[in-house]
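Subject: A structure for you to look at

Hello,

Here is the structure I promised to pass on to you. Please open it beside this email, and I will walk you through what turned up.

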Amino acid sequence: MAESIEDWIEVARLQDLRPGAIRRAQAKGLTLVLLNLDGVIYALDGICPHQMGPLWNGQFWQGQLECPWHHFRYDPVTGANTYPANVYPDDMPQLRSQIAPLRVFPVRLDGEAILVNLAPNEISSKR
Ligand code: FES
C-alpha cells in the first residue's frame with residue numbers, strides 16, 4: 001500500500017524532546033510515548049501492556065524503556081519486552097501471559113517537527 005502524507009502526524013517539536021527525554025503524545029486516539037535516546041527519536045505505545053502503567057513516566061535503563069510501576073522493560077527499536085521476558089522460565093505460563101510487546105511507530109523529522117506514521121501497515125511489534 002502506498003504511503004500517504006495523511007498517515008504522518010506531528011506529535012511534538014524537537015525542542016520539547018531533547019536527548020534523554022521521555023514524554024507523552026496523543027494522536028488519532030492513541031496514547032504514545034516518545035523517546036529521545038542519544039539523539040534518535042522513537043515512538044511506541046504509551047500504555048504498558050502489563051497493567052496499563054504510564055510509560056511516559058518511565059526511565060531509560062541501559063538503552064531500554066522501563067515502566068515506572070513494576071519495572072518491565074521494552075526495547076525502543078522493536079517494542080519487545082526485554083524484562084522480565086528474559087527471566088521467566090517457560091514453566092510459569094501465568095507470568096509469561098503478562099508479557100506483551102509495545103507497538104512501534106515509524107518516526108521522521110520535518111525540520112523541528114516530529115512526525116509519526118500511524119498507518120496500520122506501518123506499525124510493528126515483536127515478542
Ligand atoms: S504496569 Fe508496567 S510493569 Fe506493570
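Let me begin with a single residue: with 8 C-beta neighbours inside 10 Å, Gln62 counts as exposed, because 12 or fewer is the cut-off for that label. You will find Gln62 in the loop between S5 and S6. Its backbone is worth a look too, since phi of Gln62 is near 50°, a positive value in a residue other than glycine. As background, most residues other than glycine have a negative phi.

Before going further, please keep in mind that this is a predicted model. The mean pLDDT of the chain is 90, and 91% of its residues reach 70 or more. Where is confidence lowest, and where is it highest? The low end is helix H1 (residues 93-96), with a mean of 75, while S6 has the top value, 98.

The overall picture

The chain has one helix and eleven strands. Reading from the N terminus, the order is β-β-β-β-β-β-β-β-α-β-β-β. The radius of gyration is 15 Å, close to the 14 Å that the globule rule gives for 127 residues, so the chain is as compact as a globular protein of that length. Along the principal axes, the C-alpha trace spans about 50 × 35 × 20 Å. Buried residues account for 29% of the 127 residues. If you take the contacts between residues at least 6 apart in sequence, 40% of them join residues at least 24 apart.

Two hairpins in a row

Now please find strands S2, S3 and S4. Strand S2 (residues 22-27) and strand S3 (residues 30-37) run antiparallel and are joined by six bridges. Within this pair, Arg23 stands opposite Leu34 of S3. S2 and S3 form a hairpin with two residues between them, and Lys28 in the turn has a positive phi of about 50°.

S3 also pairs with strand S4 (residues 40-45), again in the antiparallel sense and over six bridges. Here Leu32 has Asp45 in S4 as its bridge partner. This hairpin, too, has two residues between its strands, and Asp38 takes a positive phi near 55°.

Val40 is found in strand S4, and with 11 C-beta neighbours inside 10 Å it counts as exposed. Val40 and Arg108 are 68 residues apart in sequence, yet their C-alpha atoms are 10.0 Å apart in space.

The nonpolar core

Which residues have the most contacts inside the largest nonpolar core? They are Val11, Leu32, Leu34, Ala43 and Leu44, in a core of 26 residues. Strand S1 (8-13), S2, S3, S4, strand S9 (104-105) and strand S11 (113-117) each supply at least two residues of this core. Ala43 makes a good place to start looking: leaving aside its neighbours within four places in sequence, Ala43 is in contact with Val11, Leu32, Leu34, Phe105, Val107 and Val116. In soluble globular proteins, nonpolar side chains tend to be buried together.

The four-stranded sheet

Further along the chain, four strands form an open sheet in the order S5-S6-S7-S8, with antiparallel pairing. Strand S5 (59-61) and strand S8 (81-83) stand at the edges, each with a single partner strand, so one side of each is left without a neighbour in the sheet. Strand S6 (residues 64-66) and strand S7 (residues 73-74) pair in the antiparallel sense over two bridges, and Leu65 stands opposite Tyr74 in S7.

The loop between S6 and S7 holds His71. Like Gln62, His71 is not a glycine but has a positive phi, in this case of about 70°. As for burial, His71 has 14 C-beta neighbours inside 10 Å and therefore counts as partly exposed.

One more backbone detail

Which peptide bond should you check for a cis geometry? The bond from Tyr83 to Pro84 is cis, with omega near 10°. Pro84 sits in the loop between S8 and H1. For context, most peptide bonds are trans.

Happy exploring, and do write back with any questions.

Best wishes

Methods. Residues numbered from 1 in each chain as written. Predicted model: local features only at pLDDT ≥ 70, side-chain atom pairs only at ≥ 80, totals over all residues. Pairing = 2+ DSSP bridges. Rg over C-alpha atoms; globule rule 2.2 N^0.38 Å. Buried ≥ 20, exposed ≤ 12 C-beta atoms within 10 Å, placed from the backbone. Contact = placed C-beta atoms within 7 Å. pLDDT = per-residue confidence, 0-100. Core = buried A, V, L, I, M, F, W, Y, C linked by C-beta atoms within 7 Å.
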